[in-house]
Amino acid sequence: MRDLMPGLISLPSQLDIKAAAPLAAELLALRGKDLTLDASAVEQLGGQCIQVLLSAAATWAADGAELAVREPSAAFLEAAETAGLATSDFCTRNN
Amino acid sequence: MDTMAAIKQTFFQECEEQLAELESGLLTIEREEGDAETINAVFRAVHSIKGGAGAFGLDELVRFAHTFETTLDGMRSGKVETAPQIVRLMLRAADTLADLVRVSRDGGTVDAARVSQIGDELAQAGGAQPAPAAPVFEPIAMSGDQQTDDFGFAPVMISFDDLVGGTQADGGQNGFAISFKPKPELYAKANDAIRLLRELRRMGEAKIRCDFSEIPLLSELDPEGAYLSWHVRLSTSGGDAAVREVFEFVEFDCDLSIEAQGLGGTDASLAVEALLVEAGIKESAPAPAEIPALAPVPRQTSATPPQLAAVAPPTASQGAPAQGAQQPSATIRVDLDRVDRLIDLVGELVINQSMLAQRVMEAGIARLSDVAVGLDDLEHLTREIQDSVMAIRAQPVRPIFQRMSRVVREVADMTGKSVRLITDGENCEVDKTVIERLADPLTHMIRNAVDHGLEKPDDRVKAGKPEQGVVRMTAAHRSGRVVIEVADDGAGINRARVRDIAVRKELIDADAQLSDAEIDDLIFAPGFSTASTISDVSGRGVGMDVVRRSIQALGGRITISSRPGQGTTFTLSLPLTLAVLDGMVVTVAGQTLVVPLTAIVETLQPKAADIHSLGEKARVVAIRGSFIPLIDIGSELGYRDSEADPLQSVAVLVETENQSQSALLVDGIIGQQQVVIKSLETNYGQVFGVAAATILGDGRVAVILDIDAVVAGTGRDHANRKRNAA
């Protein structure tokens with residue numbers, strides 16, 4: 001994950017089982033600030049990372065901060081759809 | 001790797017159980033005593049084997065089990081009749097499955113042609129095209145009623161083209177409501193819920209809804225936990241089995257419910273659900289209280305839970321399996337070594353206890369003193385412990401009897417005879433070792449009974465018997481031994497022919513006078529075979545003499561009785577255990593010996609008038625008109641040089657396994673005692689005339705006589721002596 005600019009980070013390409021814990025830690029560190037997740041590089045998105053992202057959305061909403069996902073890759077969209085989710089589920093408000 | 005090997009071993013053990021279950025279920029169906037649950041049980045057995053085999057990559061096994069399962073599924077749904085020829089096919093398929101399991105475990109090869117032939121027959125019986133060699137399964141026709149089928153097999157490989165290409169036109173679409181909640185273990189084992197959902201999507205049209213209401217805030221989230229659950233409505237041309245197969249390797253790592261969405265309302269699916277819960281295959285549905293939390297609930301689930309609650313009470317927590325739904329089988333698997341170690345220790349305990357008792361006696365403590373009474377109680381307890389420990393090793397003879405039904409089928413097939421095997425007393429328990437070593441002799445006896453014992457169908461009809469022959473195998477406990485009988489209702493032993501053959505093979509003299517029983521007994525003579533041609537079935541170089549020897553090696557005996565035109569009965573009498581023995585403790589030249597009680601006919605004090613010399617050294621004793629050779633144990637085993645005086649001795653009349661009697665001369669009888677057998681071969685080496693050893697109460701080692709060897713040894717000795725003298 002790289003900080004592209006304040007409030008914008010890029011999700012790594014492999015969001016598999018091994019990525020869940022680091023992703024959670026990374027996001028937790030950014031808690032309280034408006035945040036945009038760049039999902040354009042995501043090639044794989046697994047169940048546990050989906051949990052982390054959903055949890056983040058709920059956390060941001062509870063904190064009254066804003067979380068958004070931008071430029072989701074085809075792989076991201078496919079995984080989300082397979083999971084019965086839409087990109088909006090990962091955001092605090094529709095984007 | 002060791003863990004893997006251990007798991008695999010457990011799998012094969014379970015396979016054995018499933019195979020036994022399968023066979024007994026099929027036999028029940030064959031007897032037309034089966035019901036839907038029997039067919040379910042049979043199906044489950046094959047299904048479990050397939051599942052396990054898949055996990056170990058045993059492709060051939062999986063493939064065959066799959067085909068088998070398909071046909072069984074047809075039987076479950078009533079599409080395949082339980083006609084006799086179908087059940088016979090199933091039984092042969094069960095045999096083949098057993099072969100494949102055995103080969104997977106022990107290596108070796110199976111008859112591939114036979115496997116594929118039976119596979120084809122199964123597929124045909126199931127109404128499908130024969131399965132091609134490649135591990136792809138032809139779809140079988142799915143009817144509408146298939147939808148309520150919880151186990152229904154459907155092909156795994158469904159191409160999307162098929163789906164679009166018209167299966168819908170003939171009503172081949174099945175609807176499923178799937179609830180799926182992964183546990184953390186699922187992810188920990190490198191499975192991913194998304195991948196499984198993706199599989200479902202590939203099967204057809206899937207409406208997937210994710211329930212993420214349980215997700216906590218990020219600070220409370222365990223990244224490696226499992227919070228999501230999914231509800232999927234799937235429309236597919238595949239059956240329940242295909243859906244289930246998606247979850248095959250994660251079924252224990254998730255809460256899963258797969259419901260066929262029946263056309264005819266919820267009753268059918270409810271019944272199936274209840275059945276599954278009852279069978280313990282599936283966990284009960286989520287508690288109704290949770291349902292409202294799930295937003296747009298699929299039509300089916302919303303209707304089901306309240307009714308379901310009446311049928312199968314949901315478990316308190318959703319995560320816990322519905323253990324109450326299945327009667328847990330109260331057994332544990334224990335390493336045999338541990339049991340044997342326990343038996344050894346209890347043996348030591350028995351010895352120690354009797355040593356202690358003897359010390360107390362020697363110390364001159366009164367019989368009614370507290371110490372002596374306490375010791376008596378201890379003795380009772382010790383005996384009880386010993387019996388209980390022995391019972392751990394005891395197992396019912398059922399598995400071996402079941403194996404015999406296969407032997408009967410095969411031999412009947414090969415010889416073109418129609419045979420019914422009737423078994424009785426399968427629950428009779430015998431020591432595990434005895435059971436294991438019974439397999440070969442019994443197999444041979446059953447082969448003989450069908451091949452030689454039973455007449456050809458035409459001959460039977462001519463003799464006024466039903467065309468179908470009967471082989472009856474029974475087991476029963478009789479006075480501390482287990483007695484197994486193998487009886488056929490064939491023509492009985494052709495004594496004239498047996499006699500001719502024995503004469504021709506120079507087993508007896510042409511003018512020998514033999515009783516019927518003696519002629520029957522010739523069958524056990526080494527090198528005797530009555531079949532005029534060596535048939536594929538019995539003529540495998542193993543004669544009844546080998547059978548007799550293996551039974552004798554188990555401390556058992558085998559006898560034969562035959563009635564012309566009515567059949568032949570072989571009777572096996574076996575010890576219940578190989579660990580203890582009832583013996584008569586005797587003294588010879590200052591040594592203590594144990595004579596196995598089973599060999600002893602009677603004991604007597606010889607009178608001078610009854611003793612006759614025969615030749616140089618041999619002596620016989622006249623008992624009730626017959627002359628019985630006298631064997632002086634002391635000189636025979638080398639305890640003393642001089643011959644014992646028969647008048648000062650006790651004669652123990654023993655019978656050997658070939659029914660000849662001898663009188664053993666011993667100095668005195670101490671008493672009867674149950675002794676713990678200690679192998680001499682293991683601890684020392686083989687000694688002539690000695691079967692094993694034991695430790696007596698006074699701590700001394702006593703040898704247990706090998707009666708047959710001693711008796712046979714004297715005969716040889718005398719022959720040698722005669723030859724030397726000549």
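Which residues in α2(B) are buried? In this predicted model, the answer is a long list. B:Ile39, B:Asn40, B:Val42 and B:Phe43 are buried in α2(B). So are B:Arg44, B:Ala45, B:Val46 and B:His47. B:Ile49, B:Lys50, B:Gly52 and B:Ala53 complete the set. The list includes nonpolar residues such as B:Ile39 and B:Val42, but also B:Arg44 and B:Lys50.

Stay with this helix for a moment. Helix α2 of chain B covers residues 36-55, which makes 20 residues. At 1.5 Å a residue, the expected span is 28 Å. The end C-alpha atoms are 28 Å apart, so the model agrees with the expectation. Just after α2(B) comes B:Gly57, with a positive phi of about 65 degrees.

Now take in the whole of chain B. It has 726 residues, and 38% of them count as buried. Its secondary structure comes to 22 helices and 22 strands. Consider the contacts in chain B between residues at least 6 apart in sequence. Of these, 68% join residues at least 24 apart.

Another helix of chain B gives a detail to look at. Helix α19 of chain B spans residues 544-553 and contains B:Asp545. Is B:Asp545 buried or partly exposed? A buried residue needs 20 or more neighbours within 10 Å. B:Asp545 has 15 C-beta neighbours inside 10 Å, so it counts as partly exposed. Leaving aside neighbours within four places in sequence, B:Asp545 is in contact with B:Phe524, B:Ala525 and B:Pro526. B:Phe528 is 17 residues away along the chain, and its C-alpha atom is separated from that of B:Asp545 by 8.0 Å.

Turn to chain A. Chain A has 95 residues, and 41% of them count as buried. Its secondary structure comes to 3 helices and 6 strands. Along the sequence they follow the pattern β-β-β-α-β-β-α-β-α. Of the contacts in chain A with a separation of 6 or more, 79% are between residues 24 or more positions apart.

How confident is the predictor here? Chain A averages a pLDDT of 86, and 91% of its residues score at least 70. Among the elements of chain A, helix α2 (residues 47-63) has the highest mean pLDDT, 92. Strand β1 of chain A, residues 2-5, has the lowest, 54. Where pLDDT is low, the predicted coordinates should not be read in detail.

Next, see where the two chains touch. On this side, 23 residues of chain A are in contact with 24 residues of chain B. Three helices of chain A, α1 (20-29), α2 and α3 (74-82), each supply at least two residues to the side that touches chain B. The most come from α2(A), with 10 residues. By type, the residues on this side of chain A divide into 14 nonpolar, 8 polar and 1 charged.

Finally, look at the cores. The largest nonpolar core has 64 residues. A:Cys49, A:Val52 and A:Ala83 have the most contacts inside it. The largest share of this core, 8 residues, comes from α2(A). Apart from it lies another core, of 43 residues, including B:Val430, B:Val471, B:Ala487 and B:Leu572.

A:Val52 shows how the two chains meet. Not counting residues up to four places away in sequence, A:Val52 touches A:Ala20, A:Leu23, A:Ala24 and A:Leu27. From chain B, A:Val52 touches B:Leu221 and B:Pro223. In soluble globular proteins, nonpolar side chains tend to be buried together.

Methods:
Residues numbered from 1 in each chain as written. Chains lettered and ligands numbered in written order. Predicted model: local features only at pLDDT ≥ 70, side-chain atom pairs only at ≥ 80, totals over all residues. Helix = DSSP H or I, 4+ residues; strand = E, 2+ residues; numbered from the N terminus. Buried ≥ 20, exposed ≤ 12 C-beta atoms within 10 Å, placed from the backbone. Contact = placed C-beta atoms within 7 Å. pLDDT = per-residue confidence, 0-100. Core = buried A, V, L, I, M, F, W, Y, C linked by C-beta atoms within 7 Å. Expected span 1.5 Å × (residues − 1).
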